[in-house]
Amino acid sequence: NTRRILIGAALMAVGLLPYLYLPVASAFNPSMDWGDPENWTNFWRVVTRHQYGLDITKSRPLPVLLSQIGLHYKILFEQFGIVWVVFGSAGLIELFFKKRILFFLSLIFNALTGPLVAYLTNVDMTIRDPFALAEQKALVAVMYLPFFMWWGLLMAIGLGAGIRWLNQKNFKRNFQTAWIGIVAAILMLFGYSTFKKESMHAYYFTEKFKDNLLQTIEPNSIVIGNWDPFVFPMMYYQHVESEAKEIIFMDVELLRRTWYIRMLQRWYPEFMQRSELPVREFLNAVAPFENGEKFNPMFIQQKYIAMINSLIDRNVDERPVYMTIYSPIRPLESGIAANYKREPYFVGYRLRKELNNLTTEIPKSVDMNFFIHSKASSDRMANMIKNYYSILFAERAMMFEANNPAHSKVLYEQALELAESELIRNRIYARYQKVLERLNNN
């Protein structure tokens with residue numbers, strides 16, 4: 001039916017209108033201009049998540065694909081619980097008998113927004129680290145929102161079918177009232193548990209992370225991160241709250257993108273000017289890749305490493321350089337800052353030419369009480385920050401094991417208090433026991 005097709009196409013176009021916000025907002029050159037989507041090429045890259053890559057031609061064994069689809073349904077049960085999954089299934093059955101065309105539409109829609117998404121996102125199900133797997137799961141869960149919305153409709157249809165069935169069976173009104181009461185109680189129970197888990201009223205993990213960092217590092221420092229939870233909070237506090245304007249924050253992963261380099265040139269013009277030649281050489285090297293032309297990945301990588309090292313080398317004598325890196329999942333890429341040693345300094349790694357005369361003093365500004373005693377619900381990012389601090393304390397403790405085991409013991413105890421990952425805690429505890437043995441023997 002041509003008329004229906006045209007109406008459907010028009011409604012689909014209306015649904016896509018929010019994307020116009022991207023080029024319109026970008027045209028005003030905001031402080032944060034992700035992807036710089038003012039032209040069609042950049043706009044399409046942002047919308048299609050070009051920087052993250054997507055290889056739909058890559059084959060995988062059937063068991064792997066089935067496990068990825070299984071993860072999708074596991075997330076479904078976590079979102080709704082078995083009761084509402086049953087009601088959604090009842091909704092599908094109801095459509096099969098009462099509205100067959102909507103039944104087939106539901107099957108098609110669910111296949112496109114469920115198993116197909118599982119195939120496209122291609123989660124690595126071989127990861128053994130529970131935290132790393134949880135991170136992968138959280139990243140893909142948002143992709144299933146259309147599926148969950150449709151399942152919500154099916155749940156309503158299934159619930160309505162159940163109520164109509166009760167009416168047809170002429171159950172007494174008291175039974176029907178009890179049934180409605182049970183359903184309402186289930187709704188409120190799920191609602192309460194979800195609210196308790198999702199409430200952010202006491203969630204100050206990001207702010208406390210920022211306070212620890214800014215109050216501990218020296219003024220005019222350079223802070224280099226390689227993961228969103230370390231970099232995005234700093235972007236917010238610097239460009240929205242106008243804090244720490246003298247600090248330079250960089251994301252080494254985003255430095256692979258032309259738009260991010262242009263943004264840094266606006267944010268920190270003098271700093272970026274010092275490495276003008278290496279920056280220009282990298283931009284020239286990466287241009288073929290961004291333009292869809294033939295490119296040399298090794299050459300791009302070489303210029304990328306050279307650019308980052310230049311940004312460090314030409315400023316390190318005037319500005320202390322720190323790195324925020326969660327090594328279990330995001331280790332620093334080989335070749336970056338290879339000429340420096342990393343001192344684990346409670347809130348980050350400080351780059352030094354030599355590791356000597358390390359102090360045993362823990363700065364008073366390093367406050368871990370909130371992370372240890374907070375009653376706020378800890379999501380995966382909050383747990384990651386705790387683990388991050390735990391690793392920093394533990395790695396610093398290792399440096400004092402031989403010469404100052406008493407201080408090493410103090411640091412290991414703090415690391416154990418902070419560790420959320422069982423794997424990390426066990427590793428720290430093993431070294432802690434050796435320190436205790438050394439102290440006892442002395």
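This is a dialogue on how to read several features of a predicted model.

Me: Let us begin with helices. How many residues does helix H1 have, and what distance should they span?

Reply: The model is predicted, so each value here is computed from its atoms. Helix H1 covers residues 2–16, and at 1.5 Å a residue its 15 residues should span 21 Å, which agrees with the 21 Å between its end C-alpha atoms. Helix H17, residues 380–399, can be read in the same manner: its 20 residues reach 29 Å from the first C-alpha to the last, close to the 28 Å expected at 1.5 Å a residue.

Me: Is H1 largely in the open or mostly covered, and what of H17?

Reply: A residue is called buried when its relative accessible area is under 20%. Of the 15 residues of H1 the number buried is 0, so H1 lies largely in the open, whereas H17 is mostly covered, with 16 of its 20 residues buried.

Me: What do I find at the start of each of these helices?

Reply: At the start of H1, a side-chain oxygen of Asn-1 comes to within 3.0 Å of the backbone nitrogen of Arg-3. At the start of H17, it is a side-chain oxygen of Asp-379 that reaches to within 3.2 Å of the backbone nitrogen of Met-381.

Me: Which contacts does the side chain of Thr-216 make?

Reply: Thr-216 belongs to helix H10, residues 205–216, and with a relative accessibility of 11% it counts as buried. Its side chain reaches the backbone oxygen of Asn-212 at 2.6 Å, and the side chain of Thr-216 also makes a polar contact, at 2.9 Å, with the side chain of Ser-365.

Me: How should I read an aromatic pair, taking Trp-40 and Phe-43 as the case?

Reply: The general idea begins with the helix: an α-helix has 3.6 residues a turn, so residues three or four places apart point the same way. Trp-40 and Phe-43 both lie in helix H3, residues 40–47, and are 3 residues apart, about one turn of the helix. The count for the model comes to 35 aromatic pairs. In the pair of Trp-40 and Phe-43 the ring centres are 5.7 Å apart and the planes stand at 35°, so the pair is tilted; a tilted pair has planes that are neither under 30 degrees nor over 60 degrees apart. As for accessibility, Trp-40 at 59% counts as exposed, whereas Phe-43, with a relative accessible area of 15%, is buried.

Me: Which aromatic pair links distant parts of the chain?

Reply: Tyr-322 and Tyr-345 form a tilted pair, with 6.4 Å from centre to centre and 45° between the planes. Tyr-322 is in strand S3, while Tyr-345 is in the loop between S4 and strand S5 (349–352), 23 residues apart, and the pair thus links distant parts of the chain. Both Tyr-322 and Tyr-345 are buried. Aromatic residues can also gather into a cluster, and one such cluster includes Tyr-203, Phe-209, Trp-227, Tyr-326 and Tyr-389.

Me: Where do Ala-244 and Ala-337 lie, and what is the sign of phi in each?

Reply: Most residues other than glycine have a negative phi, and most peptide bonds are trans. Ala-244, in the loop between helix H11 (228–239) and strand S2 (248–251), has a positive phi near 50°, and at 17% relative accessibility it counts as buried. Ala-337, in the loop between strand S3 (321–324) and strand S4 (341–344), likewise has a positive phi, of about 55°, and is buried with a relative accessible area of 7%.

Me: How much space lies in the second largest pocket, and which residues lie nearest its centre?

Reply: Rolling a probe the size of a water molecule over the atoms shows where empty space is left. About 830 Å³ of space lies in the second largest pocket. Its lining holds 26 residues, and Glu-78, Gln-79, Thr-194, Lys-197 and Glu-198 lie nearest the centre. Helix H4 (62–98), helix H7 (130–141) and helix H9 (173–198) are the elements that each give two or more residues to this lining, whose residues divide into 12 nonpolar, 8 polar and 6 charged.

Key: Residues are numbered from 1 along each chain as its sequence is written. This is a predicted model: local features need pLDDT of at least 70, side-chain atom pairs count only at pLDDT 80 or more; totals for chains, interfaces and linings use all residues. Side-chain values use heavy atoms; hydrogens and water are left out. Helices (H or I, at least four residues) and strands (E, at least two) are DSSP runs, numbered from the N terminus. The expected span of a helix is 1.5 Å times one less than its number of residues. Buried means under 20% relative accessible area, exposed over 50%, partly exposed in between (1.4 Å probe, protein chains only). A polar contact is a pair of N or O atoms within 3.5 Å; within protein, one must be able to donate a hydrogen and the other to accept it, and residues adjacent in sequence count only if both atoms are side-chain atoms. On a 1 Å grid over the protein atoms alone, a cavity is a set of points where a 1.4 Å probe fits but cannot get out, and a pocket is an open set with protein on both sides within 12 Å along at least five of seven lines; lining residues have an atom within 4 Å of a point. Grid points are joined across faces, edges and corners, and a volume is the space filled by probe spheres set on the points. Ala, Val, Leu, Ile, Met, Phe, Trp, Tyr, Cys and Pro count as nonpolar, Asp, Glu, Lys and Arg as charged, and the others, Gly among them, as polar. Rings of Phe, Tyr and Trp (its six-membered ring) pair if their centres lie within 6.5 Å; planes under 30 degrees apart count as stacked, over 60 as edge-to-face and the rest as tilted.
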